[in-house]
Amino acid sequence: MPAVASGAPADADTLACYLEDCRQLVQAEMEHMVPRNRYGPVLYDLMLDYPLRQGKAFRPSLCIAACRALGGRLQDVIPTASVLELYHNAFLLHDDVEDDSLKRRGGPTLHRAYGVPVAVNVGDGLQALCLQPLLDNTALLGLGKALKILQVIAAMARHSVEGQAMELDWVRRSVWQLSDHDYFLMCYKKTCWYTFMAPVQIGATVAGASDHHVATLRRYAGTVGLAFQIHDDVLNLVADEGRYGKEIGGDLWEGKRTLMLIHMLRTAKPAEQARARQILATPRGDKTDGQIEELFALVKRCGSIAYARSVAGRLARHAERIFARTTDWMPPSLHREFLLQMADHVIARDK
């Protein structure tokens with residue numbers, strides 16, 4: 001029996017095992033959700049392309065862990081946890097199109113392999129598949145919990161597209177006069193809500209947690225989410241490409257507003273700032289390898305990578321202090337330990 005189902009005692013490799021258990025459980029559920037009919041080769045088979053590339057499964061794992069840590073049943077949370085992974089892959093497909101990314105999880109992005117129209121339609125299809133399992137929660141969990149989950153999903157989707165809109169607008173208008181707070185707000189909306197906050201809130205809701213307990217977990221998750229995104233941006237520049245699975249330096253090619261670039265542009269010399277903005281404003285297809293190397297050297301010279309790592313580390317420690325407030329109402333378990341370990345894992349991972 002998987003450790004996530006049995007609640008077996010934690011060991012040295014708890015987090016990796018927990019993630020893998022959840023990934024396998026959710027993958028089986030997603031394969032069950034995806035129809036098998038004559039549209040398979042042009043739609044449904046492609047919906048499973050990204051999921052079968054073995055992602056991290058953070059979102060469903062957090063959802064399952066929050067539910068189980070508070071006494072909820074695995075069979076009650078698996079369908080909604082799987083919906084979160086379907087949404088995630090839909091967002092990835094659309095995000096890759098918007099950024100014209102080259103790689104995803106070690107392979108070519110779907111729009112590069114099949115074209116933009118197909119990728120967009122597959123992303124739309126994944127979102128459409130999410131509706132029925134959420135409606136089915138009415139019978140599985142009762143009307144009250146089903147409606148609460150729908151409310152969280154609605155807020156998650158809205159925040160996610162608002163955060164994406166912020167980032168796309170900054171790129172479109174070549175906005176670089178940004179503060180750390182601007183970046184945090186964008187990440188809070190684009191990443192924290194659907195990657196960390198919604199999963200733990202939904203898991204706790206399935207378990208019947210009080211509003212106060214849900215709010216504490218949501219605050220913890222949001223803080224971990226910020227640390228996660230900052231470290232993810234760092235990995236985009238310094239990770240081993242073989243393990244990272246995405247294009248190293250892709251954020252520089254795409255001109256994404258990361259904490260490191262914002263820091264570099266306020267600490268570099270005026271002439272260096274002007275040169276950096278000139279390169280960043282250049283369309284991806286017109287940038288050169290030399291220009292990207294020039295940007296990366298400037299980021300390192302300004303200490304921006306070290307700065308980002310420092311901020312991520314402070315956020316992770318703050319998250320742990322928030323989580324300590326759960327001691328009185330969340331008993332020790334494998335699931336609680338997994339939730340706590342995530343604060344450290346998000347800034348220590350190498351992919």
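Below are a few worked exercises on the predicted model shown above.

Residues are numbered from 1 along each chain as its sequence is written. Since this is a predicted model, local features need pLDDT of at least 70, side-chain atom pairs count only at pLDDT 80 or more, and totals for chains, interfaces and linings use all residues, while side-chain values use heavy atoms, with hydrogens and water left out.

**Exercise 1. Check the length of helix H17, then work out which of its residues are buried and what covers them.**

Step 1: a word on naming. Helices (H or I, at least four residues) and strands (E, at least two) are DSSP runs, numbered from the N terminus.

Step 2: the ruler. The expected span of a helix is 1.5 Å times one less than its number of residues. H17 (residues 304-323) has 20 residues, so it should span 28 Å, and its end C-alpha atoms are 29 Å apart, which agrees.

Step 3: burial. Buried means under 20% relative accessible area, exposed over 50%, and partly exposed in between (1.4 Å probe, protein chains only). The buried residues of H17 are Ser 304, Ile 305, Ala 308, Val 311, Ala 312, Gly 313, Leu 315, Ala 316, Ala 319, Ile 322 and Phe 323.

Step 4: the cover. Contact means heavy atoms within 4.5 Å. Helices that cover the buried residues of H17 include H10 (180-206), H11 (211-238), H14 (259-267), H16 (289-301) and H18.

**Exercise 2. Describe how H11 packs on H17.**

Step 1: pick the descriptors. Two packed helices are described by the angle between their axes and the distance between the axes. Axes are lines fitted to C-alpha atoms, for helices over the stretch in contact, and angles run from 0 to 180 degrees between N-to-C directions.

Step 2: read them off. The axes of H11 and H17 come within 9 Å and cross at roughly 160°. That makes H11 roughly antiparallel to H17. On the scale used, angles under 35 degrees count as roughly parallel, over 145 as roughly antiparallel, 65 to 115 as roughly perpendicular and the rest as oblique.

Step 3: handedness. The H11 and H17 crossing is left-handed. A crossing gets that label if the near helix is turned anticlockwise from the far one by less than a right angle, and is right-handed if clockwise.

Step 4: the contact. Residues of H11 in the contact include Leu 217, Tyr 220, Val 224 and Ile 230, and those of H17 include Ala 308, Leu 315, His 318 and Glu 320. The residues of this contact divide into 17 nonpolar, three polar and three charged. Here Ala, Val, Leu, Ile, Met, Phe, Trp, Tyr, Cys and Pro count as nonpolar, Asp, Glu, Lys and Arg as charged, and the others, Gly among them, as polar.

**Exercise 3. Do the same for H4 and H18.**

Step 1: geometry. The axes of H4 (residues 58-69) and H18 (residues 334-348) come within 7 Å and cross at roughly 140°. H4 and H18 are therefore oblique to each other. Their crossing is left-handed.

Step 2: who meets whom. Among the H4 residues in the contact are Phe 58, Leu 62 and Arg 68, and among those of H18 are His 335, Phe 338 and Met 342. The contact of H4 with H18 divides into eight nonpolar, three polar and two charged residues.

**Exercise 4. Is His 263 buried or exposed, and what does His 263 contact?**

Step 1: His 263 sits in helix H14.

Step 2: His 263 counts as buried because its relative accessibility is 10%.

Step 3: leaving aside neighbours within four places in sequence, His 263 is in contact with Cys 302, Gly 303, Ser 304 and Tyr 307. One of these, Ser 304, is also on the buried list for H17.

**Exercise 5. Place Asp 100 and Arg 105, and compare their phi values and burial.**

Step 1: Asp 100 is in the loop between H5 and strand E1 (103-104), and Arg 105 is in the loop between E1 and strand E2 (107-108).

Step 2: Asp 100 has a positive phi of about 55° although it is not a glycine. For Arg 105, phi is near 50°, again positive in a residue other than glycine.

Step 3: Asp 100 counts as partly exposed because its relative accessibility is 31%, whereas Arg 105, at 19%, counts as buried.
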